[in-house]
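Subject: Structure for you to look at

Hello,

Here is the structure I said I would pass on. Please open it before reading the rest of this message.

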Amino acid sequence: MSDTDTTTTETTEVLDHWIAGGPDAGSGDRTGPVYDPARGVVAKRVRMGTADDVDRAVQVARKAFTSWGETSIAKRQQVLFAFRELLNARRDELAAILTAEHGKVLSDAAGEIARGLEVVEFACGMPHLTKGSFSLNASTDVDVYTVKEPLGVVGIISPFNFPAMVPMWFFPIAIAAGNTVVLKPSEKDPSAASWLAALLAEAGLPDGVFNVVHGDKEAVDALLVHPEVAAISFVGSTPIARYVYETATREGKRVQALGGAKNHMLVLPDADLDLAADAAVNAGFGSAGERCMAISVLVAVDPIGDDLVAKITERMARLRTGDGREGADMGPLITREHRDKVAGYLDVAGADGATVVVDGRGVQADGAAEGFWLGPSLVDHVPTDSSVYTDEIFGPVLSVVRVASYAEGVELINAVPYGNGTAIFTNDGGAARRFMRDVEVGMVGVNVPIPVPVAYHSFGGWKASMFGDAKAYGPHGVEFYTRDKTITSRWLDPSHGGINLGFPQNT
Ligand code: NAD
């Protein structure tokens with residue numbers, strides 16, 4: 001048990017790794033608690049992988065790559081199609097796992113799975129996406145063509161807030177392109193990863209192509225430096241993303257590391273304030289604010305601040321916090337420790353001179369008293385030097401900042417070190433277009449508060465929200481998990497003889 005683990009254990013179940021096509025107990029004896037956050041109890045424990053476990057999983061994946069990388073695109077595609085069908089048919093089962101371990105309400109869990117499925121469907125189109133290019137007769141009797149080859153073994157390290165979707169941003173594309181995978185999911189809600197591994201096996205994926213090593217820093221570190229791992233896809237907080245990027249690129253790996261966020265929603269005076277208030281509530285408190293694309297700061301351009309705050313407050317009063325299995329609007333936070341940390345920002349807000357308009361600490365949650373509850377909270381007039389403004393809180397605390405003009409709002413957003421998502425609410429097309437160009441953020445919404453790109457575009461932020469050049473999924477995902485080889489070819493012909501030491505020129 002960890003030091004913070006003071007709650008009772010409901011069961012002695014221990015979740016194994018998944019290596020070489022089945023559950024694997026690994027070599028270590030360390031385990032960690034997996035909570036049911038709505039009940040505030042330890043529901044199961046998860047194995048904490050060692051460097052040896054990672055090494056074994058990587059060796060298994062390396063061996064599997066020798067045949068999977070050579071398997072025809074058609075056969076790989078058939079596995080992806082079968083996986084898509086199984087996942088679609090059994091999505092309720094997965095949603096129940098997500099709600100039990102993460103706490104997000106069932107409808108939100110279903111949404112997470114739907115967005116993951118989109119990427120699976122995108123990956124089913126891999127034959128088209130990797131077909132390369134061919135230049136006939138580039139020089140006389142010389143053809144030049146470029147093929148896309150898989151990299152080998154790729155490591156995926158995922159965060160707690162999307163235990164199914166974030167792994168699915170990566171592994172469908174990696175596998176469809178011919179790579180093999182070692183996934184290290186979050187230790188806080190690890191069951192979804194093991195469930196997906198079993199489903200992939202059921203879909204006909206050969207043993208060893210997809211492996212899961214559970215654990216924490218020890219397993220991550222082993223993956224980052226393993227010589228047989230060609231690439232790392234990471235999603236998590238900015239300090240760890242930076243560390244992962246620096247460590248793994250130093251080892252010569254290809255790395256994409258997506259980090260944290262502080263997403264602002266700019267509301268212009270001409271906006272429909274009812275729609276803006278709905279959007280702010282949905283994007284601020286959905287999944288208890290534990291989304292990297294959550295809106296955490298509302299920037300109200302004078303003179304609409306008071307009206308907007310009133311409309312949001314009125315909507316917040318109707319939100320029901322409680323057990324996501326039982327029809328609540330908003331579930332608990334992931335751990336007691338995280339709940340307390342987020343709640344602490346409401347103290348900071350008061351001390352820093354902000355106005356706590358709605359204080360979620362007193363929430364009457366519809367669920368067990370021991371659940372990790374914090375109700376939706378609204379803080380107005382937040383000073384921009386307060387940690388309530390500068391930190392990524394990652395909980396149901398929405399800040400409001402007032403500005404005098406559009407220009408002041410954009411300046412504020414561009415001064416933030418993060419650049420994940422942002423949104424503008426306005427009925428002025430010219431202003432929206434100008435915002436789209438002015439703002440230094442990777443994903444922009446126009447009257448759309450959570451602009452997560454569809455699967456055939458790519459997901460990723462700017463600045464401290466992403467390290468590396470390739471975003472997640474979409475065209476960037478295909479590029480990330482393949483490398484180009486360009487072949488210049490001439491079939492022997494007696495006319496090609498003769499000595500010429502000059503640099504080859506096209507004729
Ligand atoms: P986290 O950084 O704590 O953990 C992410 C992963 O890194 C986990 O698998 C964890 O086990 C591992 N890890 C944690 N500490 C480590 C260490 N010291 N060394 C090596 N590995 C370590 O993030 P989290 O709390 O699980 O997730 C929330 C964070 O993820 C937020 O900051 C959120 O914004 C971010 N996030 C970003 C995106 C995005 O697309 N940009 C998407 C989802 C979540």
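Below are my notes on the ligand, the salt bridges and two buried residues. Please keep in mind that this is a predicted model.

The ligand

There are 27 residues around the ligand, and K184, E187, S237, G259 and E392 come nearest. Sorted by class, this shell holds 15 nonpolar, eight polar and four charged residues. Helix α8 (217-225), strand β11 (229-235) and helix α9 (238-250) each supply at least two residues of the shell.

Three polar atom pairs are worth finding on screen. In S237, a polar side-chain atom lies 2.7 Å from an oxygen atom of the ligand. In G236, the atom concerned is a backbone N or O, and it lies 3.3 Å from an oxygen atom of the ligand. In G259, a polar backbone atom is 2.7 Å from a nitrogen atom of the ligand. How much of the ligand does the protein bury? Taken alone, the ligand exposes 840 Å², and the protein buries 89% of that.

Salt bridges

Side chains of opposite charge can pair when their charged atoms come close. A search of the whole structure finds 35 salt bridges. I picked out three of them.

One salt bridge joins the side chains of D16 and R47, with 2.5 Å from N to O. D16 is in the loop between β1 (14-15) and β2 (17-19), while R47 is in strand β5 (residues 41-47); the pair links distant parts of the chain, 31 residues apart. D16 is partly exposed, at a relative accessible area of 21%; the cut-off for buried is under 20%, so 21% does not qualify.

Another salt bridge is formed by D484 and K148, whose closest N and O atoms are 2.8 Å apart. Which parts of the chain does this pair tie together? D484 lies in strand β23 (residues 482-489) and K148 in strand β7 (residues 142-150), so the parts tied together are 336 residues apart in sequence. D484 has 47% relative accessibility and counts as partly exposed.

The third is between D278 and R315, with the closest N and O atoms 2.5 Å apart. Here both residues are in helices: D278 in α10 (residues 273-285) and R315 in α11 (residues 305-316), so the pair ties together parts that are 37 residues apart in sequence. D278 is partly exposed, with a relative accessible area of 32%, whereas R315 is buried, at 10%. Through salt bridges that share partners, D274, D278, K311, E314, R315 and R318 are joined into one network.

Two buried residues

L94 is found in helix α3 (residues 91-102). Is L94 buried or exposed? L94 has 0% relative accessibility, so it counts as buried. Not counting residues up to four places away in sequence, L94 touches L87, I113, A164, A192, W195 and L196. The C-alpha atoms of L94 and A110 are separated by 8.4 Å, and these two residues are 16 residues apart along the chain.

N420 sits in the loop between β18 (418-419) and β19 (421-425). N420 is also buried, with a relative accessible area of 3%. Leaving aside neighbours within four places in sequence, the contacts of N420 include G260, A261 and N263, and also C292 and M293. Further along the chain, V441, G442, M443, F459, G460, G461 and S465 are in contact with N420 as well.

Regards

Technical notes:
Residues numbered from 1 in each chain as written. Predicted model: local features only at pLDDT ≥ 70, side-chain atom pairs only at ≥ 80, totals over all residues. Heavy atoms only, no water. Helix = DSSP H or I, 4+ residues; strand = E, 2+ residues; numbered from the N terminus. Buried < 20%, exposed > 50% of the residue type's maximum accessible area, 1.4 Å probe, protein only. Contact = heavy atoms within 4.5 Å. Salt bridge = Lys/Arg side-chain N within 4 Å of Asp/Glu carboxyl O. Near = heavy atom within 4 Å. Polar contact = N/O pair within 3.5 Å; in protein donor to acceptor, adjacent residues only side chain to side chain. Areas by Shrake-Rupley, 256 points an atom, 1.4 Å probe, with all protein chains shown as cover. Nonpolar A, V, L, I, M, F, W, Y, C, P; charged D, E, K, R; others polar.
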